[in-house]
Structures are given as C-alpha cells and as structure tokens.
Amino acid sequence: MEKIPCLDLKGQNQQVKEEIFELFEKVFEKTAFSGGYFVEEFEKSFAGYCESNYALGLSNGTTALHLAMLALEIGEGDEVIIPANTFIATAWGVSHAGATPVFVDCNPDTWEIDATKIEEKITSKTKAIIGVHLYGQPFDIDRVKAICDKHHLFLVEDAAQAQGARYKGKTVGSFGEMACFSFYPGKNLGACGEAGGITTNNEAYANRIQSLRNHGSMVRYFHDEIGYNYRMGGLEGASLIVKLKYLDSWNNRRRAIAKRYLSEIKNDKIKMQTQPDFADSVFHLFVVTTENKDDFCQYLTENDIIPAFHYPVPCHLQKAYAHLGHKAGDFPNSEYLAAHCISLPMYAELLDNQVSHIIAVINKYE
Ligand SMILES: Cc1ncc(COP(=O)(O)O)c(C=O)c1O
C-alpha cells in the first residue's frame, strides 16, 4: 500500500481546480486582488452559512483573534481565559492586543476547556473567555456562556478548526460576541493562500473590524485610529466562494470516516476524544492517545500510515509564555494529551480501503 499521509490536499485541489481557475480569471478581469467584489461575495455566503448577520474576511485566523479582542476594547491590563490545550494562535490574539492569556486545563475526556475549572481563574481583570472548538468539535457552549453571563464576560468562539460544526443543532459562529475562523489551506474550508474571518451579529463590532482591517479607515485616506492591513486577498476570497459550496459534503465524508474510526477501532491501548450528544463535530483532526506514543508512531509508520501531532507542547509550557511562570504539572490533562497525542489521517478524499487499512493496522497494535 502507498503511504497514507495525515493530510493530503491534492485530491481536493483536483476536484475544484478548474472551477477556481475560472473564478481567478474574473478576479484578474476586475483586478479585485485586495478585498473587493470576491471577498464581499464570500462574506455574504459565509455569513448566511453561519447564520450570522455579518462575516468579515481577513488575512488569517490569528489576525481575526487579534481584531476580535480590539473590537471588544480588550488591551493592556486585561485577562482573557483560554484553554491550555489549543493551537498557540488562540493565545496570540490575546497577546497581540496587549492583554494576558489565562490558561485553563482541558477535560480529560472531551479534551476541550474544562468548564468546572474556569471560575477559579476569573479575577477583576478578566474580560472574556475564548472557547475553542477543538479538532472540529464544539465545546460545551451553554455551560461556558452561563459563566460569561454570571461574571459579565464576553464570549468569543475560536472556530478556526470547525467550519460547519453544529452545537445542539445550530452551526457554530454566532454563539458569542464574535467567532474567529481560519481559512488556512489545510482547514476544512481552506483558501488557496492565507485567509481568515470573523462572524458576528453585532453591527458595531462589524464596523469596527472593517475599519481596523483597513488601516483604521472607512473613507479612503481618512484614518480614524491606528489600524492594520489585515484584509483578505481577492484570489483567496474567490477560492473560498467555490470551496464553500462543497464544505457540507466534505464535512459529511469526514464524519463518515470518523464514524468508522470510532466504531471499528477496538483496541484498549487507544483512547479517543469523547463525542458528547450536544456536539456535531466536523473532525478537522482525528486525534487519539496511547501510552507509548513513540512506539505507536513507529508502528504506524512501518505500516505506511503517517501520523502527526496536535499539539506536542501545551500553550502554558511554550517558551513564548515562560514569563507567565507556569511549570509542568499546572495543567495535567493538557500535558498528558501533549505527551500522548497522535493524529490519524483525516480528510474527505481518504479512500474506504485506506480507512480499512488504518483500522486493521490499529486493531493489531499490541
Ligand atoms: C484553534 C486555532 N486558532 C487559531 C488559528 C490561527 O489561524 P491562522 O493559522 O489562519 O492564523 C488556528 C489555525 O492555525 C487554529 O487551529
């Protein structure tokens, strides 16, 4: 069998290349390379898809998180609660705004932020909680929202990994003040290039983000505040218009593969993320844990399955955050995951026989 990579974008690209190239022609005709018509068309479609009033196209998911913090007037001296088990960019959004990320351990089964450990981290400086729909699975939004309401905190969704995921039947993207998305090429909805975005139901936030992403300007050459160049490119917008049409079918294929992994992998040595009833995941990643990660990894590789690791170092132990003074043992569940996680191949174009091979190999692991 040919090697099965953890992620392979070639199959998806083949499927949509012609349609995207046709739209690229139109971007060239209109010379709409930065923001403009195609980004606006994508924004309209994506807002509708997320059942949100507004969608704002941006340069990437990290700038989305940064602007979400700025739109909420979060800055120096403020604290924002985030899970320790996430991709580091969740924390960057907070730090880039000048605020301090305050980490909370994950639940040992769902691997998402542990709602029972949030309140002990709230201080007079806390302004918001960023919940992360990790690996494509919505966190328990109602529980976290109840804490936000009780303590007058903003809720922001980091939905970078979860385009199309549903919480209690509703698509993610409009549960908090804002939701931040990444359209990095490898995401479930990935641009041909770097891109990101924010959805919100709040007109004031939408206007502020529109200004901040465009040099603090709503009227050309008039700058109301110090702004950024965080616009989405026209080619990226055009590629997303095409790919959004396929997102549900790609997500459903991921769900079908995940269903097979969940029901057919029968090996006590392998643990998987618990799937609560409220969450309809889009399985951006399929992460498992096992006691001897190196041994399992070598075994998979010998059997032509190439794993990946999301993420090998939890946020609080990253060198970049050494100044916060955390140490090993502070967040044991996140640290366990970091030391034991392995991501299995997961993308819509995986073939049934490849999925069967992966399952059979894992079931024989001793
Ligand atoms: C959870 C999470 N948040 C934020 C980001 C940042 O997105 P980007 O890479 O587009 O800046 C990513 C993706 O990389 C992510 O996985």
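User: Which residues in H3 meet which residues in H4?

Analyst: This is a predicted model, by the way. In H3, Gly-61, Thr-62, Leu-65, His-66, Ala-68 and Met-69 do the meeting, and their partners in H4 are Ala-89, Thr-90, Trp-92, Gly-93, Val-94 and His-96. By class, that contact splits into six nonpolar and six polar residues, with no charged ones.

User: Why is H3 called oblique to H4?

Analyst: Look at the angle: H3 and H4 pack at about 40°, with their axes 8 Å apart. Roughly parallel needs an angle under 35 degrees, and roughly perpendicular runs from 65 to 115. About 40° fits neither range, so H3 counts as oblique to H4. As for handedness, the H3 and H4 crossing is right-handed.

User: And what makes H1 and H7 oblique to each other?

Analyst: Helix H1 (residues 10-30) and helix H7 (residues 234-244) pack at an angle of about 140°, and their axes are 9 Å apart. You'd need over 145 for roughly antiparallel, while roughly perpendicular is 65 to 115. About 140° falls in neither, so H1 and H7 go down as oblique. Their crossing is right-handed.

User: Which residues of H1 and H7 meet?

Analyst: From H1 you have Val-16, Glu-19, Ile-20, Leu-23, Phe-24 and Val-27. They meet Gly-234, Leu-235, Ala-238, Ser-239, Ile-241, Val-242 and Lys-243 in H7. The class split for this contact is nine nonpolar, two polar and two charged.

User: What makes Glu-19 and Lys-243 count as charged there, and Gly-234 as polar?

Analyst: Glu and Lys are on the charged list, so Glu-19 of H1 and Lys-243 of H7 count as charged. Gly is put with the polar residues, so that is the class of Gly-234.

User: Which residues are closest to the ligand?

Analyst: Gly-61, Thr-62, Ala-89, Ala-160 and Ser-182 are the closest, out of 14 residues that surround the ligand. Helix H3 (61-71) and helix H4 (89-96) are the elements that give two or more residues to this shell. Sorted by class, the shell has five nonpolar, eight polar and one charged.

User: How is the chain divided into domains, and how do you know that they touch?

Analyst: Domain 1 covers 10-103 + 113-244, and domain 2 covers 247-363. Their centres, taken over C-alpha atoms, are separated by 24 Å. The contact count settles the touching part: 27 residues of domain 1 are in contact with 26 residues of domain 2. On the domain 1 side, H1, strand S6 (166-167) and H7 are the elements that give two or more residues. That side has 12 nonpolar, 10 polar and five charged residues.

Key
Residues numbered from 1 in each chain as written. Predicted model: local features only at pLDDT ≥ 70, side-chain atom pairs only at ≥ 80, totals over all residues. Axes fitted to C-alpha atoms, helices over the stretch in contact; angles between N-to-C directions. Helix = DSSP H or I, 4+ residues; strand = E, 2+ residues; numbered from the N terminus. Left-handed = near helix turned anticlockwise from the far one by under 90°. Contact = placed C-beta atoms within 7 Å. Near = placed C-beta within 6 Å. Domains from an automatic or database assignment.
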